[in-house]
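Visitor: Before we start, I would like to hear the reasoning behind each label, with its cut-off.
Guide: Then let us look at the structure together.

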Amino acid sequence: MNDVNEATATLLEEKPHLRSHLEDLLSHDKRGTWEFDDIELDSGEFGELVSRGIVEEHEGGYRLVDRNAVEMALFGEASHSSTSRVDGQQLSAAVPDIDYRRQGPLVALLAGVALIRTVFNFGAVFRSDHITLTGNDPYFYWYSVNRLSRSSLQAFSLEALTKLPEGIHNHDVLTTVSLWWATVLFGGSPRTGGIVLAVYPVVSGVITAALIYWFAIRLLNDHRMGLASVALLAVVPAHAYRTSIGFADHDAFDFLWLALTAFALLVVLQSRDRDGTSREAITGMCIVGVGVVAQVMSWRAGPLLVAPVGIFLFFSTFKSVQREKSPLEDTRGVLLGLGVAAALGLVTHFVFGWMPLYRAASPLFLLVGSLSVVGLGEAAYRVGRSQRVFVLTSVTVSGFFAMFLAWILPGFSGALERFVGYMIQFQSSGIAETMGLFSGSLGIVFAPVLIFGFVLFLGLPYLIIGTHHAYRQDNLGWLLLSVYGWSFFLLSLVQIRFGGYLALFITVPAGIGFVHIAARTDVLQEFEFFSAGRKFSRPTLPSSRTLGYLLLLFMLIGGIGGLQSAVKMNQLAVGEEQYETAVGINNYEEAREFSYPENYVLSDWGVNRFYNYLVNGESRTYGYAKNNYEEFITATNGESAYNKYKERVGFVVINEGLDRLGEQTLQSKLRTYPEGGGSGQSSVSNYRLIINGDGLRVFALVGGGTITGQAPPNSSVVVQQNVTVGETSFNYRRSVQATMNGWYVVTVPYPGQYTILNDTETVTEHDIRDPGFITNGQGRAYWTFNEGRGEVAFDAVGGNHARVNGTSWTTNPKNRAVHFDGSGSIVVKNASQLWNEQFILTVRFKTDPDVNYSSAVRFPRLVSTSPETPFRRTDGYMLALSSGNVVAAAGNGSEAAVVNGPTVTDGEWHRLTFMRNGSRYRLYLDGQFVGEESFDGDIQNSEAFRIGATSQGERGFVGTIDEARFNTSVADP
């Protein structure tokens, strides 16, 4: 026992009533140098402490001579605090003193925090062959981390930080880079990245809980309330699921920096070294600076998270002016911390190129605005102006400052407009987290219970009491907590995504409420909320009986939150059927060696990133699915939907549960497939069932194999085969009607041998993936256009069947033909054989007498293999009209043979023939020779052959075409 210990013990024996005052004195001493006005001892009792060598003067104030000795006298054991003496000066760490032998309750609670966030979804995240993160957005971060890991950038290199790819440096850059560094640190493979992303939210959640504990005991001087805050935070659903295993969104990272910043602000505010020279104050200011800029870099909306700092400074200044105090004295440390943040924000932008300037400069804006407010308050204090004048001038200056930023800073006003638009779209966005706290269909009571359990309702009354205390007693710590709490409460009213942030600050007053209830029921000792002389509680293990009562009380208050946390985590986890579906799609596309976007999966946007990450690794955005999935499944024409999406989509996932849509929608047809779409419905012929689950079906979008043939006119033709998909077997059956001239065509999505009438036809996988008609390769074609209906014009001699697009069939049974209105055409694909050194091309047509071919339709094409060019630059060959006159041309794109003929705008039938014989080109009209041109140039073959327009669909013809022929045998017509 040293002299200080002996002197303290003697004093307590003589004056036991001083025990509570000494305990309060210990609390003050841990924060640094204190003054006589900070304590409740009278001058006589204080003088006795000095005379007995327990207290000494220090840097204009007072300190305990030996804090450990005083604690030994008070509690029988020193706290083993993390203090040391350097050059005779005692330095106190910012983190409260911890007696590690008495921290069993805290360790147990932090373990509970980790357990709750791990146990429910561990198996759903770590599977035998894959890691499946929970939710949708985490796959964006996994994609970004993989992108960085596969790049040539060297992690931990300053040069690499200046070369981050587009979409990362201006996004949630610090979150992504930190996860990348952690991935590289542990190996750098995609699976390592998955492990890092899966585990990091839990680690962040535990650290955040510890910071809230330290914040609570620093503010409340009571370990019981700190422990209660941690226990309640563990079961707040809004925080629990966002820090659960696998939920690797930005939120967990935000929570950590937000809690650290709030704690550092509290340290700075409670530091009694107003000149800011103590180790504690300097450390706190630096952490404030780092924390503020880290929040801005971690999330695109990060500036919103640091806004409460400015709000706090406004109210703090207001209270100082009201109480005729200097606001600068109370806020100097915070302002210095914001100065650090402003400098770091500008460095990250101008040195590394991170973030748009308006976002990187947001800490600077916060600093300038805060300096303006504090400066106005200081001026009001010095000249004796009222707080009303301060408020009016502050609002005015802030308004002008905002307008100045909008005028001078590129992107600021646009970003502000986008933010406001995003915040007010909560009623119609369809995204659950953008709904307001009380705006859901569950009501104003039940909805908050699902998000916060009973913690919100327990914490709000005590937050109100604390806010009143902060206002009445000028308590900066409580003002800080109040501003953070109410700020995120208001944001949660708009969008519940901010519920996790609110949880950090509502659990502290809720912890007070928990201890208060326990005290009122005689489970714990009674206390006064804000008594400066309240006994400082030590973290000790309670008796088994007390522990039992506390657990019962905790279950009553936090049980519903814990249950809802488990439910929410289960909802976010990837279900077994979803996982098996993604694996099945992946196996299918790997066997066929698809490349992106051939293997893009179109699904409900809420799981779209998951499907595409497992199938093709491209999970950057779900925007395409959000904009197109509903339109796709509600389409009524499956063929049109296929033609629209075939270049962008490889697979579509159909949810069996979406039965709210009409029977004619593609969703309904595919959901009841093959019964609802297999018999006689061509609208599903481009969709191959590849996975048939209990609740999910997956279809591959395929061109389809085309089977053509002849049958009795107008007869019914059945095409069928037995198909097996997984463990499901069914008869795929299509029934089509032959055309009026006895042709039929059917498109099928499955390879195999089909039974047709009394014959069979084999369709290969190649036929499915590269759809088209099989030709006989003899360089002949004859389209009679006598079908009278359908979407195919059949080639009766060469198999060069053509697709009819945007035209109409005439109904005259004696002269069937195709009418063109200028917007449609007839397309022959793979038409390379319709070419030779010798050929004859004939088309029978008539113009529309009501059309002015000299102005309205000047240069329509009758038949063409050339794109739209002047006739003298024809690249291929064509028959066309020029202001109502027939014209034929053939060339190589630079020069051409052009033969002009007479006018044909009389509305009568005409037969136009173009003949090539080597370098000689002749044109005939109705059997009469029109003219001849020679051309020795090399004319390239073309895959494109179109009737009624150019090869690319321009210069549409208006009129009627009765037939078209192509033959490589040359004879004068």
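What follows is a conversation about helices, accessibility and rings.

Guide: This is a predicted model, in which local features need pLDDT of at least 70, side-chain atom pairs count only at pLDDT 80 or more, and totals for chains, interfaces and linings use all residues. Residues are numbered from 1 along each chain as its sequence is written, and side-chain values use heavy atoms, with hydrogens and water left out.

Visitor: How do you know that the span of helix α18 agrees with what is expected?
Guide: Helices are DSSP runs of H or I with at least four residues, strands are runs of E with at least two, and both are numbered from the N terminus. The expected span is 1.5 Å times one less than the number of residues. For the 22 residues of α18 (362-383) this gives 32 Å, and the end C-alpha atoms are 31 Å apart, which agrees.

Visitor: Why is Tyr 600 called buried, and Tyr 624 partly exposed?
Guide: Buried means under 20% relative accessible area, exposed means over 50%, and partly exposed lies in between, with a 1.4 Å probe and protein chains only. Tyr 600 has 3% relative accessibility and therefore counts as buried, whereas Tyr 624, at 21%, counts as partly exposed.

Visitor: What makes Val 567 partly exposed?
Guide: Val 567, which is placed in helix α25, has a relative accessibility of 33%, so it counts as partly exposed.

Visitor: Why is the pair of Phe 314 and Phe 315 called edge-to-face?
Guide: Rings of Phe, Tyr and Trp (its six-membered ring) pair if their centres lie within 6.5 Å; planes under 30 degrees apart count as stacked, over 60 as edge-to-face and the rest as tilted. The structure holds 50 aromatic pairs. In the pair of Phe 314 and Phe 315, the centres are 5.4 Å apart and the planes are at 80 degrees, so this pair is edge-to-face.

Visitor: What makes the pair of Tyr 600 and Tyr 624 edge-to-face?
Guide: Their ring centres lie 5.6 Å apart with the planes at 85 degrees, so this pair is edge-to-face. The pair links distant parts of the chain, 24 residues apart, with Tyr 600 in the loop between α26 (576-591) and β5 (601-602) and Tyr 624 in helix α28 (623-633).

Visitor: How do you know that the charged end of Arg 648 sits over the ring of Tyr 600?
Guide: The criterion asks for NZ of Lys or CZ of Arg within 6 Å of the ring centre and within 35 degrees of the ring normal. The charged end of Arg 648 sits over the ring of Tyr 600, 4.4 Å from its centre.
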